[in-house]
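Biologist: Could you take me through the charged pairs in this structure, with a close look at one of them to begin? I would like to know where the partners sit and how covered they are.

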Amino acid sequence: MSKDLRSVLRSELQRLERELGRVPTRAAMVGKGGHDPAQFIDEYGSWEAALEDAGFSAERLEAERYHGITDEAFRLQIDELFDGDSEDQFRAELLLELRRLAVNLEKSPSVSELSSYGQYSRSPYRDRWDSWSDAIRAAGLEPNTGGQGNAVGRSELKDEIRRLADELDRQPTQRDLRERGRFSRTPYYREFGTWAKACKAALDEP
């Protein structure tokens, strides 16, 4: 335990709380802070313990979790879902979580960012939407496609297949793309015709 390090980390949490007007989350530290959230967890054992040391309660963190979502159309959509059955209400929670992460990260979250900083795993999103991009759009956000909407170039598409192959140590499947990839399968079919041809182009070409 380092008193100097704890003092630095504590001060950063307090600074960020003043800037945001709410208790910082791990995603907010990534988006707006000056330290990796892993430093806090390594030092304190958990994010909540770091917050407590900085004078912030876990109860306040939970109460303020969805502050900063100001899109009125989205709020109306969420209100309608909360008026529905239990499945609709859970969908509302899932979409709210995506918007919370987007506010904190200052961009649409990726699957890996959901895994690192979110309240839910990828699984409930996969069960309810055809692709990660569809879930992002359902939350009123733009998928991360290099700033070009769906106009993703062949080189970017092939680079993403190579990235997945390196991460998985094997040729990625369409399920891998859906669960871990930056893009939906649509641009791959548009550019290459089939997923197999896309993988061949990405992995077999020099």
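Modeller: Happy to! Let us start with E97 and R100, which form a salt bridge whose closest N and O atoms are 2.5 Å apart. Please keep in mind that this is a predicted model. The two residues belong to helix 7 (residues 86-105), and because they are 3 residues apart there, about one helical turn separates E97 from R100. As for cover, E97 and R100 are both buried.

That pair is part of a wider picture, since a search of the whole structure finds 20 salt bridges. One of them joins R6 to E43, with 2.9 Å between the closest N and O atoms. This pair links distant parts of the chain: R6 lies in helix 1 (residues 3-20) and E43 in helix 3 (residues 37-44), 37 residues apart. R6 has a relative accessible area of 17%, so it is buried. E43 counts as buried too, because its relative accessibility is 16%; the cut-off for buried is under 20%.

Now turn to helix 11, which covers residues 154-168. Here E167 forms a salt bridge with R163, and the closest N and O atoms are 3.0 Å apart. Both residues lie in helix 11, 4 residues apart, which is about one turn of the helix. Salt bridges with shared partners join E160, R163, E167 and R180 into one network. Within that network, E167 has 42% relative accessibility and therefore counts as partly exposed. R163, at 33%, also counts as partly exposed.

Helix 11 holds L157 as well. With a relative accessibility of 0%, L157 counts as buried. Its C-alpha is 8.3 Å from that of A198, although L157 and A198 are 41 residues apart in sequence.

For charges outside salt bridges, look at the negative surface patch formed by E72, D79, E80 and D83. E72 lies in helix 6 (residues 72-82), and because its relative accessibility is 51%, E72 counts as exposed.

Finally, a word on the aromatic residues: the structure holds 5 aromatic pairs. In the pair of Y188 and W195, the ring centres are 5.1 Å apart and the planes stand at 75°, so the arrangement is edge-to-face. Y188 and W195 are both buried. Elsewhere, ring pairs link Y125, W129 and W132 into a cluster.

Key
Residues numbered from 1 in each chain as written. Predicted model: local features only at pLDDT ≥ 70, side-chain atom pairs only at ≥ 80, totals over all residues. Heavy atoms only, no water. Patch = residues over 30% accessible without salt bridge, like charges linked within 9 Å, V, L, I, M, F, W, Y side chains within 5 Å. Areas by Shrake-Rupley, 256 points an atom, 1.4 Å probe, with all protein chains shown as cover. Salt bridge = Lys/Arg side-chain N within 4 Å of Asp/Glu carboxyl O. Lys, Arg positive; Asp, Glu negative; His and termini not counted. Charge placed at Lys NZ, Arg CZ, Asp CG, Glu CD. Buried < 20%, exposed > 50% of the residue type's maximum accessible area, 1.4 Å probe, protein only. Phe/Tyr/Trp six-rings, centres within 6.5 Å; stacked < 30°, edge-to-face > 60°.
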